[in-house]
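Take a moment to look over the fold before reading on. We will walk through it together, one part at a time.

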Amino acid sequence: MAEQRRDQRDGRDARESAGTVAESRRRSVRAEEADAWGALVATARRTVSDGLVVGTSGNVSARVGDTVLVTPSGVPYDRLTPADAVGVDLDGRQVLGTLLPTSELPMHLAVYRSTDARAVVHTHAVHATAVSTLVPELPSVHYMSGALGGPVRVAPYATYGTEELAENMLHALADRSACLLQNHGTIAYGASLDQAFDRTAQLEWMCRLWLTASSVPGLSPTLLSGEQVAEAGERLRGYGQRG
């Protein structure tokens with residue numbers, strides 16, 4: 001994939017390019033950021049182990065105050081250490097680390113500027129990416145669409161790493177916590193890394209479900225109405241343990 005190849009090239013050059021970033025932008029990692037970085041790396045590794053990305057094709061971020069911690073460009077997640085923490089401010093200026101941020105930084109920052117997100121997960125999950133090439137919206141084959149705010153939209157294609165892609169994504173995310181990116185993958189956000197990851201995994205599962213049901217010759221999946229999805233979404237807001 002072009003995005004992955006570019007990220008790999010960027011990753012090889014990242015350490016050599018460190019001196020090009022003004023030292024005045026850098027500072028020490030704070031305790032809260034160190035904890036968040038550890039959780040971010042664990043989440044990034046989970047996207048690989050759970051089959052949601054291949055190599056370094058996805059990226060993960062977490063917001064701590066006005067700093068966005070983000071996976072670096074082209075570095076395999078199993079090689080990341082506490083010393084590799086990468087952070088930018090909400091304008092994209094690097095304030096932590098020497099490795100270059102992911103090439104998809106515009107998408108991550110657009111989410112943080114427009115929502116109350118504390119974490120973002122972007123993947124190239126195979127079933128979700130396949131669905132993104134077929135329909136403008138994931139058909140409502142399961143009530144868990146309600147947990148993402150409603151039927152999941154597909155953002156029109158734009159070149160990876162561009163402001164155009166970030167803008168397309170924001171339109172698809174309106175009143176939603178996840179969307180598909182046409183011929184590209186998924187993006188989901190949440191109040192925590194766990195929630196963002198769970199939403200990503202749920203979206204991939206629903207895409208796999210629809211593809212499976214649609215593959216039966218002579219039959220079409222039964223779909224839920226907008227009202228049914230909305231009702232499920234309301235009930236899901238109170239799902240789980242309290243306190």
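What volume does the largest pocket have? The answer is about 490 Å³. Keep in mind as you explore that this is a predicted model.

Let us stay with that pocket for a moment. Its lining is made up of 17 residues, and those that lie nearest its centre are M144, A147, L148, R199 and L236. Two elements give two or more residues to this lining, namely α6 (193–214) and α7 (226–236). Of the elements, α6 gives the most, with four residues. If you sort the lining residues by chemistry, you find six nonpolar, six polar and five charged ones.

Now turn to the sheet. Eight strands form an open sheet, and you can trace them in the order β4-β3-β2-β1-β5-β8-β7-β6, with mixed pairing. The strands at its edges are β4 (94–96) and β6, each of which pairs on one side only.

Start at the β4 edge. Here β4 pairs with strand β3 (residues 87–89) in the antiparallel sense, over two bridges. One pair to look for is V88 with its bridge partner in β4, Q94.

Further along the order we come to strand β5 (residues 119–123). Is β5 mostly buried or exposed? Five of its five residues are buried, so this strand is largely enclosed by the rest of the structure. In a regular strand, side chains alternate between the two faces of the sheet. You can follow this in β5, where A119, V121 and T123 point one way while V120 and H122 point the other way, and all are buried.

Which strands does β5 pair with? Strand β1 (residues 59–64) pairs with β5 in the antiparallel sense over four bridges, and A62 has A119 as its bridge partner in β5. Strand β8 (residues 185–190) also runs antiparallel to β5, and five bridges join the two. There, V120 stands opposite Y189 in β8.

At the far end of the order, the pairing sense is parallel: strand β6 (residues 154–155) and β7 are joined in this way over two bridges. A155 finds its bridge partner in β7 at L181. Strand β7 (residues 178–181) is covered on both faces, with A178 and L180 buried on one side and C179 and L181 buried on the other.

L181 gives us a path into a helix. S132 lies in helix α4 (residues 126–132), and its side chain reaches the backbone oxygen of L181 at 3.3 Å. Why does S132 count as buried? Its relative accessible area is 0%, and buried means under 20%. Leaving aside neighbours within four places in sequence, S132 is in contact with V154, L180, L181, Q182, N183 and H184.

Two other residues of α4 are worth a visit. T129 is found in this helix and counts as buried at 17% relative accessibility. A polar atom of the T129 side chain lies 2.7 Å from the backbone oxygen of A125. Apart from neighbours within four places in sequence, T129 is in contact with H124, N183, H184 and G185. V126 also has its place in helix α4, but at 53% relative accessibility V126 counts as exposed. The cut-off for exposed is over 50%. V126 and G51 are 75 residues apart in sequence, while their C-alpha atoms are 8.5 Å apart in space.

Next, look at helix α3 (residues 105–114). How many of its 10 residues are buried? Eight are, so the helix is largely enclosed by the rest of the structure. The buried ones are L105, P106, M107, H108, L109, A110, V111 and Y112.

Our last stop is A36, in helix α2 (residues 31–49). A36 is buried, with a relative accessible area of 15%. We met A62 earlier as the bridge partner of A119; A36 and A62 are 26 residues apart in sequence and 7.1 Å apart in space, C-alpha to C-alpha. Setting aside neighbours within four places in sequence, A36 is in contact with V64, L69 and L193.

Methods:
Residues numbered from 1 in each chain as written. Predicted model: local features only at pLDDT ≥ 70, side-chain atom pairs only at ≥ 80, totals over all residues. Heavy atoms only, no water. Buried < 20%, exposed > 50% of the residue type's maximum accessible area, 1.4 Å probe, protein only. Contact = heavy atoms within 4.5 Å. 1 Å grid on protein atoms, 1.4 Å probe; cavity = no way out; pocket = protein on both sides within 12 Å on 5 of 7 lines; lining within 4 Å. Points joined across faces, edges and corners; volume = space filled by probe spheres on them. Nonpolar A, V, L, I, M, F, W, Y, C, P; charged D, E, K, R; others polar. Polar contact = N/O pair within 3.5 Å; in protein donor to acceptor, adjacent residues only side chain to side chain. Pairing = 2+ DSSP bridges.
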